[in-house]
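Me: I'd like to understand the words people use for this one. Could you take me through them?

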Amino acid sequence: MTDRKTIGAVPLRPALQAAALLMAGSLALAGCSKKAPAELPPPPAPTTASEAPPPVSQGPVPGSQADFAAQMMGKDTIYFDTDKFNIDAEDQAALGAQAQWLMRYPAKRVTLEGHADERGTRDYNLALGERRANAAKNFLVSLGVDAARVNTVSYGKERPVALGSDEASWAKNRRAVTVTID
Amino acid sequence: MKLIALPLLALVLAAPLAAQNAAPPAAEPGGLTGSVSDETPWQDLGIAIPTFPTDADVPTQASAGSTAALGKALAQVITADLKNNGLFKPTGPDALPQPSFGQVVAPDFGIWSGRGAEMLVHGYVRAAAGGNVTVGCYLYDVGLKQQLVKGGWEVAPGDWRRAAHKCADLVYSRLSGESPFFDSKIAYIAETGPKDHRMKRLAIMDSDGANHRYITTGQSIALTPRYSPDYKSLLYLSYFNGAPRIYAYDIEKGTQRLITANRNPTFAPRWSPDGKWVLYSMATAGNTDIYRIASSGGGAPQRLTNAPGINVGGSYSPDGSKIVFESDRSGSQQVYVMNADGTDQRRISFLGGRAATPEWSPRGDQIAFTHIAGNLRVAVMSPGGGNMRYLTDSWQDEAPTWSPNGRIIQFFRTEKNSGKTSIWQVDLTGRNERRLPTPVDASDPAWGPVRP
């Protein structure tokens with residue numbers, strides 16, 4: 001044997017590599033700077049005295065992810081049939097509720113997480129999750145939500161919520177979940 | 001990582017014959033004594049692989065120890081290689097007498113024919129300059145009393161297993177007529193943790209599971225690695241920064257870069273056989289298409305598919321002229337072929353169920369894929385789409401990857417309910433199936449080429 005390389009040795013040229021890394025870095029920075037400013041907590045109520053605060057239940061901060069989840073009561077997630085990504089009537093109702101909340105808090109941005117069940121190949125399921133997240137996004141946009149406020153990410157079959165290997169579990173895992181960015 | 005093939009003739013004639021004049025090496029304390037295990041079914045003995053003797057037992061930096069200890073370890077690794085591919089019935093050094101250094105080039109055929117061995121592998125170990133070790137390897141036909149093939153390598157002590165794999169490759173190639181494959185590596189994903197929050201780390205190992213090494217820490221999900229043909233870098237998908245994108249990881253430098261500046265999700269990375277191109281799949285507004293980009297990092301990506309739907313994956317024909325890929329443009333996942341520039345796209349599989357993750361055999365004669373009809377099973381078909389044949393039958397087997405010689409397929413198996421994964425391999429008969437030993441659960445195997 002010699003050290004002679006007969007097959008496709010393609011050393012990354014350092015300059016190009018550095019450029020690519022720089023590019024990646026600046027993109028990452030751009031991503032950070034584009035992030036919506038964190039919602040400020042509501043100003044504290046004027047302190048009248050040193051009395052104990054009234055025993056009013058705090059509840060989630062309006063406009064927060066906790067508030068969104070509480071208001072949606074499960075409508076933050078829509079579900080799909082095997083291999084499908086169409087938005088049915090039930091999904092439309094859920095996305096309608098999401099859109100209303102988003103209209104109320106126009107500074108909020110959301111990520112739509114697309115998922116698939118475990119009964120498919122990994123790469124295809126990544127693409128399928130992306131397709132589902134986009135279908136949900138498109139519907140929100142059709143209801144008047146600015147597309148720039150909606151980010152998508154696919155987890156394919158990597159993040160199931162139901163852990164069984166049965167139809168009921170798979171149905172719960174074929175989903176698109178809307179998560180607000182606090 | 002240097003492996004030097006030696007000009008054998010000189011070495012063979014000079015070294016062991018000269019040694020014959022010297023006193024035979026003393027039996028190692030704790031080493032082989034020549035006793036034979038009674039449990040061994042001698043009628044099954046196809047190939048005898050006794051300990052490789054050394055001319056002088058000296059310490060080495062090799063993990064296996066001194067040259068004498070190394071001689072036994074080498075024979076064990078060769079035995080395991082040949083046993084695990086299912087073609088042979090080798091008997092290793094633990095059950096065999098140890099030959100003298102001189103017998104390596106002048107075997108005592110009577111001993112071996114008396115044991116029913118049809119083939120005999122002899123070899124030797126010697127300390128070489130600079131802390132390296134020299135390993136010789138000889139295959140004899142016992143019945144014919146003839147040497148069939150020989151080889152020799154000088155390796156750094158840390159690479160001693162490579163010498164064993166090279167010897168196993170030599171024996172395998174000579175006896176089967178196939179190309180070698182043992183001296184190769186595998187990239188895969190190491191998995192730990194609960195099903196809804198699996199930690200997935202990029203890892204690499206030798207083709208027999210040795211020299212295992214984690215590449216990523218597991219903070220970001222890592223998926224679908226692919227070794228570059230020169231083993232210098234790995235393409236893989238990472239959720240670093242929250243979004244799935246393909247990175248090229250430089251193994252020597254320990255650095256990585258994005259393969260494209262586009263911020264859309266990219267996945268399913270693949271190399272062209274010459275390492276000059278990277279194939280990847282990118283989703284845009286829910287639609288996924290296959291692109292190629294120069295692996296050198298410069299140049300603009302070129303879109304190869306533009307049919308509505310999910311076009312994903314891709315695997316080059318061995319000559320690099322064609323790409324087999326998967327698409328659901330006709331309604332469900334099926335296998336398609338196109339020219340490497342994206343022209344002449346046509347469907348080749350017309351199967352019930354779905355056909356996914358096609359991988360072109362390095363021999364060019366078969367396409368391995370995942371067939372989904374209820375269960376997921378690994379199957380092969382001809383490049384024209386005919387002669388479909390299942391190789392596995394389990395609840396969920398997917399993502400085949402070919403051995404460098406196109407005779408063995410690795411894939412990963414997922415367990416129902418628990419979601420636990422493991423890497424398996426199967427030969428083209430479908431009969432010899434075995435699980436690969438990995439430290440933790442394992443998925444997404446990607447077999448690299450034979451090392452130079």
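**Cavities and a helix pair**

Reply: The largest cavity holds about 240 Å³ of space. This is a predicted model, where local features need pLDDT of at least 70, side-chain atom pairs count only at pLDDT 80 or more, and totals for chains, interfaces and linings use all residues. Residues are numbered from 1 along each chain as its sequence is written, chains are lettered from A and ligands numbered from 1 in written order, and side-chain values use heavy atoms, without hydrogens and water.

Me: What makes a space a cavity?

Reply: On a 1 Å grid over the protein atoms alone, a 1.4 Å probe must fit but be unable to get out; lining residues have an atom within 4 Å of a point. A search of the whole structure finds three such cavities of 30 Å³ or more. The largest one has 18 lining residues, with A:Glu118, A:Lys157, B:Lys195, B:Thr414 and B:Gly419 nearest its centre.

Me: Which classes do the residues of that lining divide into?

Reply: Three nonpolar, six polar and nine charged. Asp, Glu, Lys and Arg count as charged, Ala, Val, Leu, Ile, Met, Phe, Trp, Tyr, Cys and Pro as nonpolar, and the others, Gly among them, as polar.

Me: Why are helix 2 and helix 4 of chain B called oblique?

Reply: Their axes, lines fitted to C-alpha atoms over the stretch in contact, come within 9 Å and cross at roughly 45°. Under 35 degrees is roughly parallel, over 145 roughly antiparallel, 65 to 115 roughly perpendicular, and the rest oblique. So helix 2 and helix 4 of chain B are oblique to each other.

Technical notes
Axes fitted to C-alpha atoms, helices over the stretch in contact; angles between N-to-C directions. Helix = DSSP H or I, 4+ residues; strand = E, 2+ residues; numbered from the N terminus. 1 Å grid on protein atoms, 1.4 Å probe; cavity = no way out; pocket = protein on both sides within 12 Å on 5 of 7 lines; lining within 4 Å. Points joined across faces, edges and corners; volume = space filled by probe spheres on them.
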